[in-house]
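Hello,

Here is the structure I promised to pass on to you. Please have a look at it, and then read on for what I found.

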Amino acid sequence: MMYWLQQLQIKRWEFCNNQPWSLVEDAVNEAQFSYSEAEHDFLPPVKTPTDAVGIKTAFQLAPQPSVSFQNISLKHPWIEIQNTVHNLCGSRPNRGDCGGMFNSEETQENFEILAEEEHVEAEAEKTASPETQENTRMKTKPAVTRKTKKGNGAFSRFAEGTGQEKVASLKHQALVLTEEVKSQKELVKLLHKALEAAQQEKRESCRYLAATETDRLELVRHKVRQIAELNKRVEALEVEGKDLENRLALKEEHVEELEAHVQLLMEKNQAKQQVVLKLTEQLSREMLDSPGEADSIAAETLYKQQEEIEHLKDDLEAYKTQNQFLNSEIHQVTKIWSTVAQREKILLMKCARLQAHNCQMESKYLMMLRKLQGLPDLASDHAEMVKGLIQEALQWGVKEEATVPVQQSPINQYDDYGFMTVPDYEAEDWKLLAKIQALEIKSSHLLNQDALEKPLSERWNSLGELIPSSELKSLLRCGVPVEHRQRVWRWIVSHRVQHIRSPGHYNNLLKQCEVADHPASRQIELDLPRTLTNNKHFTSPTSQLVPKLRRVLLAFSRQNPTIGYCQGLNRLAAVALLVLEEEENAFWCLVHIVENLMPLDYYSNTLIGSQVDQRVFKDFLSEKLPRLTAHLEHHRIDLALVTFNWFLVVFVDSLISDILFRVWDAFLYEGTKVIFRYALAIFKYNEDAILRIQDSLEIYQYLRFFTKTIGDSRKLMNIAFSDMNPFPMKLLQNRRGAHRLKLEAELRELERIKDQYVREQAEHVASHLDGAVSEDEEEG
């Protein structure tokens, strides 16, 4: 049977090995199936049994079953074993002589007598003199020898009685002496206490005689107080004594009940012993009546038991062999399963790579169509053909969703935070650009999911409690996974505003807004419908976030009356609501951005802080990207028209949502330095494309949407935090201070020119009026 099972197993392994795996043949060459040494450890291979395989063996007569096994019941083996054991136990007393039992009892009594006499000798040796000890030894040894040799029962009992009397008398003497020693010790202790009390009383008396009358009076008062305290203690002790007497009475009653219960149990035990003795006598009489029958039954039972033992040994060996075979099967099945899982994983990786490559090719194809569409000298028929190809390409996503029911990573209409993955622009050129952007994002996600996103997620899972550290800083720069972002943002905001945050403050601000309208409430209502127009949570009329956003902005206008409300704050609060969900947390996030991260006057009426940062950014751009700066200056491009909104709303509505939230992860922790880094990185990312454009109008058109073409967030992050180094905060603050002084001086000069112009205009109007009056007077 083992031979055939192993042959069947080998054939199955060969079948698994011979399956065509052409798609991943190069990736799993190492995983080959063979009957290797690992399988030999479980079950050695069985050679071809010549006596059990072949035509000759098939025509042999079947072996006759043994007669000795015919009387064994295979249906009830446990009952057979129990009967065998019972018969064996019942035949044991019949093997020996009945007199042997009494001989063994006498021998046991002799050993007990010898042990007791040795104990008596040891006690006597301790109390007697050396000569007496020798005489006792000399006398005791022959007596013991004689007692052992004779084996007389009566003399043994006499010696046992004598030894017991000696032991009892010695024990009694030892107890008396012990009690006397204890009483003497107690007496000594009492005498010591009495002596100490007498000495204390003598000292007190001497002190009393030597003291003055006032001291004596004070001592008497002290004694009276002591007597009163002692009386109180005596009363307390008396109460405690009565309590103890009551408890003692209860204990005694309980002890009496237990004694009665024990007495009852002893009587029951004695009755059971009598019944056992009667049954034992009856069994011994029956065994004496039929000794031959009992011996035959015992022999037959022993024979059956030996046969059962042989059967059990055979079963045990069979189970061992079966266990080895099953272990070998499990090992091979596990090996097959692991190889199949590896092949499946490789196929999935190849499928993801192919899908990413397909997305890249599709995006390149769409980009080529877009370039062809923008050619000025394209023929009309060619332009119509390109337009048709573009419309067909824009419908690919719908056709794929209709024909392919399951996709590896489909392009969803909305991302995790409700932003449209493919924005619905009105212009056809922008629709094509949005499709290209979505394809590039999908391609980047497929390629980076296993290599970058999974290790980053594992690092966040093992981070534990959040504390400020360099490790947390590096993780925030890489981006926070969606499942951890809400917890991380809450911790950052609460950690940075804990010195100004108080419970109930936000609700108090809302109550103030209900009492009286703020001047900025009208502008807030106008900006609410224009907030994040590409997000379903703010475009839907039934959305829960729109009223929350209204309350957050009104509360902030009360919190910071110098700013009130500035266009752009609605987008900051909206992004905070998308992640934090609770409006109070979003309110404190907005407070943290405006009051902690951004410089002063960043959202004031003059926007001085924002203008200063634009000039600082131009300085950094000229240092980090000199070729691009020279190119833009040559075509007289004012970057502030493009970058001013980046800094004011931290890239909201400028970057795709995936990159936007990664920027905010680092921005909330590090501050505005992150905005400078990413702004420089965006221009570095698209530097070559900008340098190829040689027309100022085309450059402006490209700068309107070029941030939407960035799909590789990892590349942009590496440029921002690696290629833009060094970027010290102290240098940024110094540049801000210098440009702020210049800007304030320019604003003062502008105000002076403005006042001078107004004054000159007023004088000019007055002079014209004076001239007109004089002419009328002359005519009059």
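Phe 617 and Phe 647 are both buried, and they are a good place to start in this predicted model. Their rings form an aromatic pair, with 5.6 Å from centre to centre and 65° between the planes, which is an edge-to-face arrangement. The pair links distant parts of the chain: Phe 617 belongs to helix 21 (residues 608-624) and Phe 647 to helix 23 (residues 640-649), 30 residues apart.

Phe 647 has another partner, Phe 676. Why is the pair of Phe 647 and Phe 676 edge-to-face? The planes of the two rings stand at 70°, with the centres 5.0 Å apart, and planes over 60 degrees apart count as edge-to-face. Because Phe 647 lies in helix 23 and Phe 676 in helix 25 (residues 673-685), this pair ties together parts that are 29 residues apart in sequence. Phe 676 is buried, as is Phe 647.

These rings belong to a wider group. Phe 617, Phe 647 and Phe 676 are among the members of one aromatic cluster, which also includes Phe 620, Trp 646, Phe 651, Phe 683, Tyr 702 and Phe 727. Over the whole structure, a search finds 21 aromatic pairs.

Helix 25 deserves a moment too. From its first C-alpha to its last, this helix of 13 residues reaches 18 Å, close to the 18 Å expected at 1.5 Å a residue. How much of helix 25 is buried? The helix is mostly covered, with 11 of its 13 residues buried. Among them are Phe 676 and Phe 683, two residues that also appear in the aromatic cluster. The buried residues of helix 25 also include Lys 673 and Arg 677.

Charged side chains meet rings in this model as well. Lys 715 has its charged end over the ring of Tyr 685, 4.7 Å from the ring centre. Arg 496 lies over the face of Tyr 669, at a distance of 5.2 Å from the centre of that ring.

Finally, a word on confidence. The protein chain has a mean pLDDT of 77, and 69% of its residues reach 70 or more. Residues 22-28 stay under 50, and the model gives them 11 contacts beyond four places in sequence. The pLDDT is also below 50 over residues 30-35, a stretch with 19 contacts in the model beyond near neighbours in sequence.

Happy exploring, and best wishes!

Note on methods:
Residues are numbered from 1 along each chain as its sequence is written. This is a predicted model: local features need pLDDT of at least 70, side-chain atom pairs count only at pLDDT 80 or more; totals for chains, interfaces and linings use all residues. Side-chain values use heavy atoms; hydrogens and water are left out. Rings of Phe, Tyr and Trp (its six-membered ring) pair if their centres lie within 6.5 Å; planes under 30 degrees apart count as stacked, over 60 as edge-to-face and the rest as tilted. Helices (H or I, at least four residues) and strands (E, at least two) are DSSP runs, numbered from the N terminus. Buried means under 20% relative accessible area, exposed over 50%, partly exposed in between (1.4 Å probe, protein chains only). A charge sits over a ring if NZ of Lys or CZ of Arg is within 6 Å of the ring centre and within 35 degrees of the ring normal. The expected span of a helix is 1.5 Å times one less than its number of residues. pLDDT is the predictor's confidence in each residue, from 0 to 100. Contact means heavy atoms within 4.5 Å.
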